[in-house]
Amino acid sequence: RELPFKASYESGADDLVQDFYVPVLDCSASYDRIAGFFSSSSLAIAARGLAGLIENRGHMRLIASPNLSPEDARIIAASPDSEEAFFEGRLLAELEQIRTEFERDHIQALGWMLANGYLEIRLAYGTGNDPAQPEKKLFHQKVGILTDLEGNTLSFSGSINESASGWLDNIEEFKVFRAWCPGQEEFYQADKRRFEEFWHGARKHVRVVDIPKAVRERLIQESQGFSA
């Protein structure tokens with residue numbers, strides 16, 4: 001409650017890591033996150049500022065969305081039994097695209113959390129009459145829910161482009177809603193409800209599954225050498 005939060009943060013105008021992520025995660029015990037598309041870039045962005053959460057042995061739940069082409073969606077719709085194998089191949093290929101130390105360092109942190117029981121990851125993707133498009137845009141959102149060691153909680157949500165270029169260039173903005181502040185609880189509750197509905201597969205036309213075992217193992221493998 002003592003942190004000097006702003007009502008909104010903007011890349012370029014604010015240092016999103018030092019002004020927001022580091023201080024809030026330093027005192028957090030849980031972190032729920034919608035990360036946009038599953039890629040080395042978006043996973044690295046979702047892991048920004050995690051040192052404090054790791055030090056607190058806090059728990060994180062992460063939702064990512066496979067970036068499906070219309071043809072991908074048709075393949076999955078035609079053969080649901082092939083879903084896990086399809087995602088395994090696609091997501092492992094995404095992790096092969098790790099190119100920078102920024103991405104590798106952050107993905108190592110996620111892998112360490114997976115290996116030690118501090119992280120759960122689920123995939124969410126749209127289904128429906130047109131499986132190529134429905135609901136995909138829901139996962140372009142940046143949504144996070146953070147709770148501290150005393151049970152105080154807040155959310156952040158904002159603009160759509162969840163990517164390294166989106167966060168690091170001067171085009172992104174998100175609002176912060178503190179549940180203990182008059183007039184902000186309604187917005188916090190909406191963010192919290194949205195995350196829980198996605199996590200539990202309660203949104204219409206959205207399917208939620210655990211990440212394939214091979215992808216989990218690859219993320220853990222990437223954590224070799226990471227020290228908390």
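This passage describes the nonpolar cores, one central helix region and the charged pairs of a predicted model. Local features were taken at pLDDT of at least 70 and side-chain atom pairs at pLDDT 80 or more, while totals for chains, interfaces and linings use all residues. Residues are numbered from 1 along each chain as its sequence is written, and side-chain values use heavy atoms, with hydrogens and water left out.

A good place to begin is the interior. The largest nonpolar core (buried Ala, Val, Leu, Ile, Met, Phe, Trp, Tyr and Cys residues joined through side-chain atoms within 4.5 Å) contains 45 residues. Here buried stands for under 20% relative accessible area, exposed for over 50% and partly exposed for anything in between, with a 1.4 Å probe and protein chains only. F20, Y31, L50, M60, L62 and L219 have the most contacts inside this core, and helix α6 (residues 101-115) gives the most to it, with 6 residues. Helices (H or I, at least four residues) and strands (E, at least two) are DSSP runs numbered from the N terminus. Apart from this core lies another one of 13 residues, including I34, I63, A179 and Y188. In soluble globular proteins, nonpolar side chains tend to be buried together. Y31 illustrates the packing: beyond its neighbours within four places in sequence, its contacts (heavy atoms within 4.5 Å) include L50, L53, M60, I145 and F156.

Helix α6 deserves a closer look. Its 15 residues should span 21 Å, taking 1.5 Å times one less than the number of residues, and the end C-alpha atoms are indeed 21 Å apart. Buried residues of α6 include E103, I107, L110, W112 and L114. The buried part of this helix packs against α2, α3 (51-55), β3 (59-65), α5 (83-95), β4 and α9. After α6 comes G117, whose phi is positive, near 80°. One link to α2 (residues 40-46) runs through S40, which is found in that helix and is buried at 4% relative accessible area. The side chains of S40 and E103 are joined by a polar contact of 3.3 Å; such a contact is a pair of N or O atoms within 3.5 Å, where within protein one must be able to donate a hydrogen and the other to accept it, and residues adjacent in sequence count only if both atoms are side-chain atoms. Leaving aside neighbours within four places in sequence, S40 also touches E94, Q97, I98 and I107.

Turning to charges, the model holds 13 salt bridges, each a side-chain nitrogen of Lys or Arg within 4 Å of a carboxyl oxygen of Asp or Glu. One of them pairs E222 with R104 at 2.8 Å, N to O. E222 lies in helix α9 (residues 213-222) and R104 in α6, so this pair ties together parts 118 residues apart in sequence. E222 is buried at 11% relative accessibility, whereas R104 is partly exposed at 29%. R122 and D210 form another salt bridge, at 3.4 Å, linking strand β4 (residues 119-126) with strand β8 (residues 206-210) across 88 residues; D210 is exposed, at 55%. Within helix α8 (residues 185-199), R194 and D191 lie 3 residues apart, about one turn. Their closest N and O atoms are 3.3 Å apart in a salt bridge, and both residues are buried. Salt bridges with shared partners also join D32, R61, K192 and E196 into one network.
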